[in-house]
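Me: I would like a close look at a single part of this model, with the surroundings brought in where they help.

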Amino acid sequence: MAGHGAPEIAPVDCHDLRVAVVAASWHQQVMDGLIAGARRAFDDHRVEAPAVVRVPGTFELPVAAAALAPTYDAVIALGVVIRGGTPHFEYVCSAATDGLTRVSLDHHIPIGFGVLTCDDEQQALDRAGLEGSKEDKGYEASSAALQTAATLRRIKRGHGL
């Protein structure tokens with residue numbers, strides 16, 4: 001279910017990594033799909049007991065990710081912002097992207113970017129990993145964060161260069 005141009009990367013064993021998900025609450029059906037996709041990625045990568053934290057919306061993802069970052073090897077941020085008739089969409093998308101990037105760089109951990117920025121609800125449903133969806137962004141964001149966490153672990157141990 002990967003998007004066009006997405007790499008095919010085999011899952012790696014991440015059973016010894018501490019992983020957390022921070023997920024927004026808006027658009028419940030889409031969020032349920034994203035979280036289910038993250039759980040599928042955790043199963044494929046053998047992640048044991050990931051933490052799941054909910055926040056009100058996508059704007060709140062960075063601050064929660066920052067609180068989780070010191071004690072986790074990877075954090076997956078899941079949210080959805082659907083364009084409306086005001087500039088609110090741009091502000092929230094920019095704040096979430098900039099904030100999550102800052103958390104990743106400040107804490108030296110991967111942040112899986114599973115934030116859907118869509119023009120309408122159908123686009124979000126098509127990317128949510130639900131039955132009939134074209135893509136599974138919850139899985140993709142989680143897998144990317146886990147792959148990166150495994151790479152960082154190898155780098156820190158002096159391997160994989």
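Is R39 buried, partly exposed or exposed, and why? Please then take helix α2 as the part to be examined closely.

Reply: R39 counts as partly exposed because its relative accessibility is 43%, where buried means under 20% relative accessible area, exposed over 50%, and partly exposed in between, with a 1.4 Å probe and protein chains only. This residue sits in helix α1, residues 28–44, and its C-alpha atom is separated by 30 Å from that of G84, 45 residues apart along the chain.

The model is predicted, so local features need pLDDT of at least 70 and side-chain atom pairs count only at pLDDT 80 or more, while totals for chains, interfaces and linings use all residues. Residues are numbered from 1 along each chain as its sequence is written, and side-chain values use heavy atoms, with hydrogens and water left out.

Helix α2 covers residues 61–68, and its buried residues are L61, P62, A64, A65 and L68; helices (H or I, at least four residues) and strands (E, at least two) are DSSP runs, numbered from the N terminus. Seen down the axis of α2, these buried residues fall within an arc of 165°, so they line one face of the helix, the arc being that of the directions from the helix axis to the C-beta atoms. On the other side of α2, V63 and A67 are exposed. The cover over the buried residues of α2 includes the strands β1 (19–23), β2 (51–54), β3 (74–82) and β4 (111–118), together with helix α3 (88–107), where contact means heavy atoms within 4.5 Å.

Two cysteines also deserve attention. C93 counts as buried because its relative accessibility is 12%, and C118 counts as buried because its value is 1%. A search of the whole structure nevertheless finds zero disulfides, a disulfide being a pair of cysteine sulfur atoms within 2.5 Å. For C118, the closest cysteine sulfur is that of C93, and this lies 8.8 Å away, too far for a bond.

Finally, the second largest pocket is lined by 16 residues, of which W26, V80, V81, H88 and V92 lie nearest its centre. The elements that give two or more residues to this lining are β3 and α3, both of which are also among those covering the buried residues of α2. By class, the lining has eight nonpolar, six polar and two charged residues, where Ala, Val, Leu, Ile, Met, Phe, Trp, Tyr, Cys and Pro count as nonpolar, Asp, Glu, Lys and Arg as charged, and the others, Gly among them, as polar. A pocket here is, on a 1 Å grid over the protein atoms alone, an open set of points where a 1.4 Å probe fits, with protein on both sides within 12 Å along at least five of seven lines, and lining residues have an atom within 4 Å of a point.
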